[in-house]
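Me: I should like to learn how to read a structure that is new to me. May we go through its features in turn?

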Amino acid sequence: MSVAGTEDIEDVESFQRRAGVWIREHLKPFDGTALSAASHARGDKDEEDAVERAASIHDRELQRMLFDGGFAGICVPREYGGQGLTPEHQRALNEELVGREYPSNPVPTFSPCAAILLEFGSEEQKARHIPAILKGEEIWMQFLSEPSGGSDVASALTSAVRDGDEWVLNGSKVWTSGAWWADWALCLARTNWDVPKHRGLTVFILPIHQPGIELQRIEMLDGSRHFCQEFLTDVRVPDTDRIGEVDDGWTVGTRWLFHERMSYSSPYVTVAATGHRRALGGASLVSVARATGRLQDPYTRDRIGESRMLDVAVRELQRRLRDGMTSGKMTDQAAAIARLFHGHAHVRRTSIGFEAAGTAGVAWSDDDGPARDWGLNYLIRQATCIGGGTTEMAANVVSERVLGMPRERALDRDIPFRDVPRGPTTRG
């Protein structure tokens, strides 16, 4: 991450004051209305589509406002439309955003996608896409997970075959958040079947809405259809849209996974300092306990304190890991520690909210106010331990690559990926 010369950098204190004034003048207070509308649209597909589409348009407008105000891409180099400032400036902006509306989907557009473009993209790719991202003209998603691979992303079966100056991609990706209203994707594909799985991968970028890409939305247990599965059939990608070297996609992939694990503490992500506002439906545990008459109950108050402690611990752990990795005192693999803790903390906080909701956590109506929907949050709470790589995979990374414990035995190590035993319908 390049930064302008120190003589050109505004000090953090004056930047924060200026950002605070601009935010209060241009960004409305966040009231959760759109979030509530999206929640109530579950099950009504047309209404849900309209709400999500409107939210996407609003996010683009907010991102453009940040860009026009000089507050987009705080740590992005100036030559690509950013501000060329420091992570401290980004944290100052995030502090000023508390209680105000801002683009609700900075992940994965800014981290990992924009971060990967900045780290591995060509000059032409960065000049073409980074300014468009900062202006809200492009929203990016990850074509990473596959139906057959789970969290073992190196087992990708989506193939890319060279055809002159183009590549032809075939395969399927899954669990892509919001792909139906996004624009571009970062895609991991297999370009060599005759080497071990980690050595035959290549990363590409491609527009999502084009001939050969079929999107299917996945209906979740709570009725939402935010996730998608994509089917790629003879999708042509110019070699100029390749990221990194051919067959060296795992070098890009390891950084990709790092940026994904550290998304909400990334210097490229603008998000209110108190955390992601979509978490747990946006309703605070205090408001839930008050609505259900449990606010004075000692047990409930103790659980609210526990939830608050977990929230603080998540934030401070990310801060410590970020500082450690930035200084070189910690390996980048330490990002898995944050992934592991965040997953389990989210599950516990959701369980606490479900208890506080009482009977409204089992059956609810609009009259239940902030207590509504906690039953749905509880039913899908484990998704946080799956999306972005499972917590079990994160535990393996912590044990093997952070603590130096013996590696888990793998039967597919050091053999050509073509020879790895697979089911009859998934062989290359």
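**Two helices that meet**

Reply: Let us begin with a pair of helices in this predicted model. The axes of helix α5 (residues 109-120) and helix α7 (residues 249-261) come within 9 Å and cross at roughly 140°.

Me: Which word describes how α5 and α7 lie to each other?

Reply: Angles over 145 degrees count as roughly antiparallel and those of 65 to 115 as roughly perpendicular, with the rest oblique. The two helices, α5 and α7, are therefore oblique to each other. Their crossing is right-handed.

Me: Which residues make the contact?

Reply: From α5 come Ser 111, Pro 112, Ala 115, Ile 116, Glu 119 and Phe 120, and α7 supplies Thr 251, Val 252, Arg 255, Trp 256, His 259 and Glu 260. These contact residues divide into six nonpolar, three polar and three charged.

Me: Let us turn to a single residue. Where is Ser 145 found?

Reply: Ser 145 belongs to the loop between β1 (140-143) and β2 (159-163). Partly exposed means a relative accessible area between the limits of 20% and 50%. Ser 145, at 23%, is therefore partly exposed. Leaving aside residues up to four places away in sequence, Ser 145 touches Gly 150, Ser 172, Lys 173 and Val 174.

Me: How does the radius of gyration of the chain stand against that of a compact globule?

Reply: For 428 residues, a compact globule would have a radius near 22 Å, and the chain agrees, with 22 Å. Its secondary structure comes to twelve helices and eight strands, and buried residues make up 49% of the chain.

Terms used: Residues are numbered from 1 along each chain as its sequence is written. This is a predicted model: local features need pLDDT of at least 70, side-chain atom pairs count only at pLDDT 80 or more; totals for chains, interfaces and linings use all residues. Side-chain values use heavy atoms; hydrogens and water are left out. Helices (H or I, at least four residues) and strands (E, at least two) are DSSP runs, numbered from the N terminus. Buried means under 20% relative accessible area, exposed over 50%, partly exposed in between (1.4 Å probe, protein chains only). Contact means heavy atoms within 4.5 Å. Axes are lines fitted to C-alpha atoms, for helices over the stretch in contact, and angles run from 0 to 180 degrees between N-to-C directions. Angles under 35 degrees count as roughly parallel, over 145 as roughly antiparallel, 65 to 115 as roughly perpendicular and the rest as oblique. A crossing is left-handed if the near helix is turned anticlockwise from the far one by less than a right angle, and right-handed if clockwise. Ala, Val, Leu, Ile, Met, Phe, Trp, Tyr, Cys and Pro count as nonpolar, Asp, Glu, Lys and Arg as charged, and the others, Gly among them, as polar. The radius of gyration is taken over C-alpha atoms; the globule rule is 2.2 Å times the number of residues to the power 0.38.
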